[in-house]
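Me: Hello! Could you walk me through this structure, one question at a time?

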Amino acid sequence: MNPMPGRPRGVIVLGAAPEALCAVRELAALGYAVAWLPLEEAQAPAALPPNVAIYPAAELVGLGGYAGAFCAQVRRGEAIECLPGAAVLIALGNARCYPQERYGLPLGPRVLTPPQARQRLKDRTLEALLSHRKAHFLVMLDWGGETSRETAVEALHTARALRQNHAEVTLFYRDLKVDSAPLERLTRRMREEGVVFCRYIEVEVRFEEGGVHIAAPDGLVRGDMLILPEAVQPHPATLPLAALLKLRVGKDGYFQEVNVRQVRPGLTNRKGIYVAGRCHMDADREAALEDVSHVVASLDAFLHSLDEPPSGPTAEVERDRCIRCLTCVRTCPHAAAEVVEREGITAAYVEKAACWGCGICAAHCPVQAIALKGQAVPSWLAPTAQGVSIR
Amino acid sequence: MSMAQRLLVLACSRSAGEALAALEATGQTLPPDVTWVNLPCGGSVDVLHILRALEAGAEKVWVLACYEGACESLEGNRWAEKRVQWVQALLQEIGLGPERVVFRAISPTMAADLKAWLEEE
Ligand code: SF4
Ligand code: SF4
């Protein structure tokens, strides 16, 4: 139920990535009251819709409540303030680094990252090289391992910008997936404009008097400067935030989405908490923003579903039989079980709104104190109440 | 309950349950000596469910759950498989055939495979 009848539901947005701003705008346009916590130093955008409140310096210390009625606990000065929200959307983005170990090459006067090259184009420090008619840039993707989608696309844009500044550009790649219309357009234009694409399996890079030499299958390519894309890695706030919000992180260190049937984009292991953009996927900017739209739609559908009567089984604890072993708290993959004091009894309690009805807790409880309400199992099959667990 | 059943299926409703629904949508029905029990997730299969089924007279018990990485409750399928292994070890120990309990991974789109498995059995 809407906790504040007659007033729009709130959504809490966490993160400062461009995806977060995009999500804030889309949610505000849908009429939600948005509480936006960038969680890091970020430039506040000039104009935000009136139903968005931004808390720039706020530190998140916890998340109380459950799906439909969360409360972001925020430290502001001495006080802890509670910001309500029916759902949470996380858009931290990712972090960048120059993978020197992978390339075995330090950055230097002849080795630049794409952002560095763009910066030099902008402040005109490449001029000396570019006025030289044959200035030749070698852009190398997938060297020592697959380049991430985001930085590969950035390198393509950089290659194009250099070419448009009349440099010769050769782009080496091993595995370039041109799997979207914008990327197809970009690479086609680049070819038309004269960027040379060169596929390789193995290459050898040497620095010689006055240049970079690349021994590729088609022969030796000599250039003036090597452009090596950066690598992406999980945003440093991913793990601490995951721990605070009891969210799963995959082996790759990014937030893990639970969207097995492809119908709930961005849903995490907790009901009502969603992740969007590059904090859970490798994507270029366009794809990341497209993901935000999918996730906002999925979050919107969830908020609408709160108006419907709940369906499906949920776990219910027979609280006076609970021995407070915390097994259900540990094994519930959806952070729906906790041990709390209620009505004078300290025992396990499952918040219906947070429960997925998977029954994992019930199968684990050593005293069979948990039953799945709304799930009919033939009575002869039930692990009967009198039975002693044999595990 | 006295049950002279050939096969009892403990099924994750999210995968096996969907596969069965797809099979039934094509007008097919389960053989009469097969009992099918939908559970919300493979993770809710209890060791006791399996043992009760054997106690009630099922010749064989199948536990059907999602493939690795496809469980909506993240590790429900792994719990299901572990419990099957536990019961198999127990059956081995007491001299009953461990092959009476089987774990199988399935996805919602595997109606045809499900049909083939049922026919083979
Ligand atoms: S697993 Fe059972 S006994 Fe243990 S805390 Fe949960 S409900 Fe209580
Ligand atoms: S059924 Fe139990 S384990 Fe599953 S989500 Fe609910 S409380 Fe958690």
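Me: What percentage of the 391 residues of chain A count as buried?
Reply: This is a predicted model, so a word on the ground rules: local features need pLDDT of at least 70, side-chain atom pairs count only at pLDDT 80 or more, and totals for chains, interfaces and linings use all residues. Residues are numbered from 1 along each chain as its sequence is written, chains are lettered from A and ligands numbered from 1 in the order in which they are written, and side-chain values use heavy atoms, leaving out hydrogens and water. Buried means under 20% relative accessible area, exposed over 50%, and partly exposed in between, with a 1.4 Å probe and protein chains only. For the 391 residues of chain A, the buried part comes to 49%.

Me: What radius of gyration does chain A have?
Reply: The C-alpha atoms of chain A fill a box of roughly 85 × 50 × 40 Å along the principal axes. The radius of gyration is taken over C-alpha atoms, and the globule rule is 2.2 Å times the number of residues to the power 0.38. For 391 residues a compact globule would be near 21 Å, but chain A has 27 Å.

Me: And chain B, what is its radius of gyration?
Reply: The C-alpha trace of chain B spans about 40 × 35 × 25 Å along its principal axes, and 56% of its 121 residues count as buried. A compact globule with 121 residues would have a radius near 14 Å, and chain B agrees with that, at 14 Å.

Me: In what order do the elements of chain B run?
Reply: Helices (H or I, at least four residues) and strands (E, at least two) are DSSP runs, numbered from the N terminus. Chain B has four helices and four strands. From the N terminus on, they run β-α-β-α-β-α-β-α.

Me: How many strands does chain A have?
Reply: One of them is strand S4 (residues 59-66), where A:Gly65 has its place. Alongside ten helices, the count of strands in chain A is 22.

Me: Which two residues form a disulfide?
Reply: A disulfide is a covalent bond between the sulfur atoms of two cysteines. The rule used here asks for a pair of cysteine sulfur atoms within 2.5 Å, and the count comes to one over all chains. With sulfur atoms 2.2 Å apart, the pair is A:Cys71 and A:Cys82.

Me: Is A:Cys82 buried or partly exposed?
Reply: Its partner A:Cys71 is buried, at 14% relative accessible area. A:Cys82 has 43% relative accessibility, so A:Cys82 counts as partly exposed.

Me: Which cavity is the space taken by ligand 1?
Reply: Among the 13 residues around ligand 1, those that come nearest include A:Cys322 and A:Cys328 (near means a heavy atom within 4 Å). A:Cys322 is buried at 16%, and A:Cys328 is buried at 8%. The space that ligand 1 takes is the second largest cavity.

Me: How many charged residues does the shell around ligand 2 have?
Reply: Of the 13 residues around ligand 2, A:Cys332, A:Cys355, A:Cys358, A:Gly359 and A:Cys361 come nearest. Ala, Val, Leu, Ile, Met, Phe, Trp, Tyr, Cys and Pro count as nonpolar, Asp, Glu, Lys and Arg as charged, and the others, Gly among them, as polar. The shell around ligand 2 divides into ten nonpolar and three polar residues, and for charged the count is no residues.

Conventions. 1 Å grid on protein atoms, 1.4 Å probe; cavity = no way out; pocket = protein on both sides within 12 Å on 5 of 7 lines; lining within 4 Å. Sits in = over half its atoms within 2 Å of the grid points.
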